[in-house]
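Let's read a structure together, one feature at a time. Have a look at the model first, and then we can talk it through.

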Amino acid sequence: MKKIVILTGAGMSAESGISTFRGGGGLWDEYPVEQVATPEGYRANPELVLGFYNKRRRQLLDVVPNRGHELVAQLEKDFEVTVVTQNVDNLHERAGSTNVIHLHGELMKVCSSLEPNNMEYVETLSPDNLDVRLGDLAADGSQKRPFIVWFGESVPLMEDAISSLRGVDAFVIIGTSLNVYPAAGLLNYVPAGVPVYLIDPNEVSVSRRDVTVIRKGASEGMQQLIDDYLFLLK
Ligand code: APR
């Protein structure tokens, strides 16, 4: 089977009703990023940060995967697929994707405040017990915190994302402004000669190489990618 790696960002989930981060009405307009998505913000006001992610977790229960997520999942019938996502929602998995690398963590998981990347202390929350409160402790006795990679923190799964590109036959980028590194740099590891497709309704600047741009939303764009390009690759 041919191998496809798909890098997704907030735009992938926009049609499910989850806000993107940047651009008009983006999440970072409403919530200062340095308060809710940095270790310094967490140290300064852990209650505010826990509350922000509690709210986002509750919102995740109210939304469902969109056609774009479904089409990505269906590619597994014909291709070996790795989804590398910057999204912390679980909509790829809920649509049926089985091989998802969450570069920026997972909203439904919590971890230790002392050792956020120690998987021994990572727990998955259940839909009927979504909230994390001050005083809730991880197995190492530290405050439970969201299993989210904040700005300034390392991105341990970047190595796995880079490894997934070995022998790749096509690379697809969906719904990311490519502002945040190292995720945005994944494109630089795609071997020369491998076709790259980018699905986004807005202009995204991409350096370095030839990219076939599909200027559409995730659902329509995925359909066009399959109809016009991927059927040739099978
Ligand atoms: N379909 C596809 N793409 C869309 C859609 C849609 N329906 N609507 C908007 N977009 C595009 C926007 O044009 C933009 O290019 O989605 C992209 C969203 O960009 P950002 O909001 O910057 O989100 P993202 O690139 O995922 O952000 C990266 O930044 O704050 C951090 O950790 C956070 O993972 C996030 C990272």
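Q: Where should I start, and how do strands E4 and E5 pair?
A: Strands and helices here are DSSP runs, numbered from the N terminus, with at least two residues for a strand (E) and at least four for a helix (H or I). Two strands pair if DSSP finds at least two bridges between them. In this structure, strand E4 (residues 105-112) pairs with E5 over two bridges, in the antiparallel sense. Val110 has Glu123 of E5 opposite.

Q: Before we go on, what kind of model is this?
A: This is a predicted model, with local features needing pLDDT of at least 70 and side-chain atom pairs counting only at pLDDT 80 or more, while totals for chains, interfaces and linings use all residues. Residues are numbered from 1 along each chain as its sequence is written, and side-chain values use heavy atoms, leaving out hydrogens and water.

Q: Which strands make up the open sheet, and in what order?
A: The order is E5-E4-E6, three strands with antiparallel pairing. Strand E5 (123-124) and strand E6 (144-148) are at the edges with a single partner strand each, so one side of each has no neighbour in the sheet.

Q: What lies across E4 and E6?
A: Helix H5 (residues 46-61) does, and it runs at about 140° to E4. Such an angle, from 0 to 180 degrees, is taken between the N-to-C directions of lines fitted to C-alpha atoms, for helices over the stretch in contact; contact means heavy atoms within 4.5 Å.

Q: Is strand E1 buried or exposed?
A: Buried means under 20% relative accessible area, exposed over 50%, and partly exposed in between, using a 1.4 Å probe and protein chains only. Six of the six residues of E1 (residues 3-8) are buried, so the strand is largely enclosed by the rest of the structure. Lys3, Val5 and Leu7 cover one side, and Ile4, Ile6 and Thr8 the other.

Q: Which strands does E1 pair with?
A: One is strand E2 (residues 80-85), parallel to E1 over six bridges, where Thr82 is the bridge partner of Val5. Another is strand E7 (residues 170-174), also parallel, joined by five bridges; there Val172 stands opposite Ile6.

Q: How would I read a single residue, such as Val196 in strand E8?
A: Start with its accessibility: Val196 is at 2%, so it counts as buried. Then look at its contacts: leaving aside residues up to four places away in sequence, Val196 touches several residues, among them Phe171, Ile173 and Leu187.

Q: How does one find empty space, and how much lies in the largest pocket?
A: Rolling a probe the size of a water molecule over the atoms shows where empty space is left. On a 1 Å grid over the protein atoms alone, a pocket is an open set of points where a 1.4 Å probe fits, with protein on both sides within 12 Å along at least five of seven lines; lining residues have an atom within 4 Å of a point. Grid points are joined across faces, edges and corners, and the volume is the space filled by probe spheres set on them. Here the largest pocket holds about 790 Å³. Its lining has 41 residues, with Ala10, Phe21, Arg22, Thr176 and Ser177 closest to the centre.

Q: What about the second largest pocket?
A: Its volume is about 250 Å³. Of its 19 lining residues, those nearest the centre are His102, Asn117, Phe147, Pro156 and Leu157.
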